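Me: I've got a structure open and I'd like to talk it through before I set anything up. Could we go over it in questions and answers?

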Amino acid sequence: MTQRSFGRPEPVESGFRPAYPGQAWPTRQPTYTPPPPLDWHQQQARAYTPVAPPKGNRTVLIAAIVALIVGLIAGTGAAVSVVALDNNSGPIDNPSGPAIGVGTDPKIRTGSVSAVAATLLPSVVQLKVDGSDNSSATGSGFAIDDAGHILTNNHVVAAAAKGGSIQVVTQKGKTATARLVGRSPAYDLAVVQVIGLEAPSVQFGQSELAVVGQDVVAIGSPLGLAGTVTSGIVSAKNRPVTAGGEGEISYINALQTDAAINPGNSGGPLVDMNARVIGINSAIATVRGAEEGTSGSIGLGFAIPIDQARRTAQQLIESGKAFYPVIGANVDMQFEGGARVSEVTAGSPAARAGLRTGDVITKINSLVVDTAEGLIVAIRTHRPGERVRLDFERGGRPTQVNITLGQQTG
């Protein structure tokens with residue numbers, strides 16, 4: 001019904017047909033619809049506007065909510081009181097809840113530190129050395145073949161060179177007595193052997209192919225803590241480093257690493273992320289002024305390149321001796337800006353090449369030489385009998401000479 005229908009009679013239905021002849025026309029009383037009230041629009045608007053609940057009901061609702069909150073707080077306090085007063089029982093675990101701490105086992109990713117450690121740890125051993133003079137030393141080593149040969153540092157086993165004992169402890173905790181096969185103070189390397197050693201041999205990599213910045217892992221027994229694994233990178237290559245014990249100075253063309261190396265790591269492997277040995281951890285830099293044996297890792301560790309160590313280990317296993325190259329000249333260890341020749345041995349390769357006292361060697365092949373240590377280290381990266389080129393200055397004039405390296409045992 002619309003507003004327009006108010007006050008008008010409804011139309012009469014048309015089209016009537018009589019059911020029989022003479023039927024009268026039906027009469028209908030028109031219905032009357034009164035007009036709308038004057039406030040009809042306002043009434044319609046109010047019909048579609050929600051009415052706020054009475055204030056009395058709202059007060060009741062708020063009161064009920066407050067009562068519920070107070071009840072919860074009171075219930076919590078009561079529960080705490082029960083637990084506090086009952087000394088014979090603690091909180092009860094809900095056995096029907098979800099299991100915790102039993103997720104999917106993590107997988108060891110190939111090329112990760114975990115994978116490298118899992119591969120190398122069984123091959124790394126701890127060495128405990130006692131000398132005949134009551135001296136002692138501890139260090140690390142690793143199996144290099146199936147005959148029980150273990151490669152380590154000379155300064156680790158030097159105390160037992162003239163009597164004493166060398167004990168080897170495997171990852172499984174088994175202890176065996178090792179014999180000293182041979183050692184090389186010149187390279188700070190040594191080989192010992194345990195017949196029936198229960199340790200798999202390692203795989204050698206190529207230290208020459210190592211690049212600065214690559215990831216590496218160091219394994220050993222720092223401070224007697226066997227099976228310790230640390231990681232870092234190759235920080236630098238061809239670092240001239242001196243190492244070794246008293247009276248036996250070694251010159252190493254070292255790989256530098258920031259992997260943590262501490263006393264006891266000596267002789268342990270430095271490996272790449274394919275679990276291949278690329279160096280033998282041998283020395284650490286110490287803070288100037290620190291007492292000997294009191295300084296730990298400061299992020300400057302040094303390892304003997306495995307390319308050199310492999311050759312020396314083979315010589316020690318075959319003959320018990322190692323050989324290193326020389327030019328047959330002494331150099332001034334205090335001079336800087338090159339390697340100044342202080343003495344030339346008669347009949348030596350240096351003498352045959354025409355070197356004289358006072359000559360300052362500045363290069364060997366294309367490698368720049370800054371110090372006497374740098375020259376010695378650079379020479380020892382080669383083999384006896386190899387021919388190298390030396391650049392030197394004589395009276396301020398640059399000169400070159402080719403020289404065939406000689407050989408010494410040590």
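What follows is a run of short questions and replies about this predicted model.

Me: Let's start with confidence. What pLDDT does the protein average?

Reply: It's a predicted model, so pLDDT is the predictor's confidence in each residue. Of the residues, 73% score at least 70. The average for the protein is a pLDDT of 81.

Me: Which element has the lowest mean pLDDT?

Reply: At the top end sits strand β11 (residues 269–271), with the highest mean, 97. Over residues 59–87 the pLDDT stays under 50, and the model has zero contacts there beyond four places in sequence. The element with the lowest mean pLDDT, 43, is helix α2 (residues 55–85).

Me: And the start of the chain, how many contacts does the stretch of residues 1–10 have beyond near neighbours in sequence?

Reply: The pLDDT is below 50 over residues 1–10. Unlike a stretch with none, this one does have some contacts in the model beyond near neighbours in sequence. The count is 14.

Me: Give me the overall makeup. How many helices and strands are there?

Reply: The protein has 410 residues, and 36% of them count as buried. About 24,500 Å² is exposed, with carbon and sulfur atoms supplying 53% of that. As for the elements, there are seven helices and 21 strands.

Me: What share of the contacts with a separation of 6 or more comes from residues 24 or more positions apart?

Reply: A contact here means heavy atoms within 4.5 Å. Taking the contacts with a separation of 6 or more, the part from residues 24 or more positions apart is 61%.

Me: Which helix gives the largest share of the largest nonpolar core?

Reply: That core has 35 residues, and those with the most contacts inside it are Leu120, Phe142, Leu151, Phe204, Val277 and Ile280. There's also a second, separate core of 20 residues, which includes Val331, Leu355, Ile361 and Ile403. For the largest core, the largest share is four residues, and they come from helix α5 (residues 306–319).

Me: Val202 is in a loop, between β6 (189–193) and β7 (203–204). Is Val202 buried or exposed?

Reply: Beyond four places in sequence, Val202 touches Leu120, Ser123, Phe142, Ala143 and Val277. Val277 has Val202 among its own contacts, along with others including Pro269, Leu270 and Ile306. The relative accessibility of Val202 is 13%, so with the cut-off for buried at under 20%, Val202 counts as buried.

Me: How far are the C-alpha atoms of Val202 and Leu120 separated?

Reply: Along the chain, Val202 and Leu120 are 82 residues apart. They also touch in the model. Their C-alpha atoms are separated by 7.1 Å.

Me: Which residue of the nonpolar surface patch sits in the loop between β12 (276–284) and β13 (301–305)?

Reply: The patch covers about 230 Å² and is made by Val287, Ile298 and Leu300. One of these has 32% relative accessibility and counts as partly exposed. The residue placed in that loop is Leu300.

Me: Onto charges: a search of the whole structure finds five salt bridges. What is the N to O distance for Lys174 and Glu198?

Reply: Lys174 is in the loop between β4 (164–169) and β5 (175–184), while Glu198 is in the loop between β6 and β7, 24 residues apart. Lys174 is partly exposed at 45% relative accessibility, and Glu198 is partly exposed at 43%. The side chains meet in a salt bridge with an N to O distance of 3.0 Å.

Me: Arg394 forms a salt bridge too. Which residue is its partner, and why does the pair tie together parts that are 35 residues apart?

Reply: Arg394 lies in strand β19 (residues 387–394) and its partner in the loop between α6 (349–353) and β17 (360–364), so the pair joins parts 35 residues apart in sequence. Arg394 is partly exposed at 28% relative accessibility, whereas the partner counts as buried at 2%. The closest N and O atoms are 2.8 Å apart, and the partner is Asp359.

Me: Last one: how many of the nine residues of helix α7 (residues 372–380) are buried?

Reply: The buried residues include Leu375, Ile376, Val377 and Ile379. Arg380 is among them as well. That leaves the helix mostly covered, and the number buried is eight.

How values were computed:
Residues are numbered from 1 along each chain as its sequence is written. This is a predicted model: local features need pLDDT of at least 70, side-chain atom pairs count only at pLDDT 80 or more; totals for chains, interfaces and linings use all residues. Side-chain values use heavy atoms; hydrogens and water are left out. pLDDT is the predictor's confidence in each residue, from 0 to 100. Helices (H or I, at least four residues) and strands (E, at least two) are DSSP runs, numbered from the N terminus. Buried means under 20% relative accessible area, exposed over 50%, partly exposed in between (1.4 Å probe, protein chains only). Patches are made of residues with over 30% relative accessible area and no salt bridge: like charges are joined within 9 Å, nonpolar side chains (Val, Leu, Ile, Met, Phe, Trp, Tyr) within 5 Å. Accessible areas come from the Shrake-Rupley method with a 1.4 Å probe; for residues, only the protein chains shown count as cover. A salt bridge is a side-chain nitrogen of Lys or Arg within 4 Å of a carboxyl oxygen of Asp or Glu. A nonpolar core is a set of buried Ala, Val, Leu, Ile, Met, Phe, Trp, Tyr and Cys residues joined through side-chain atoms within 4.5 Å.
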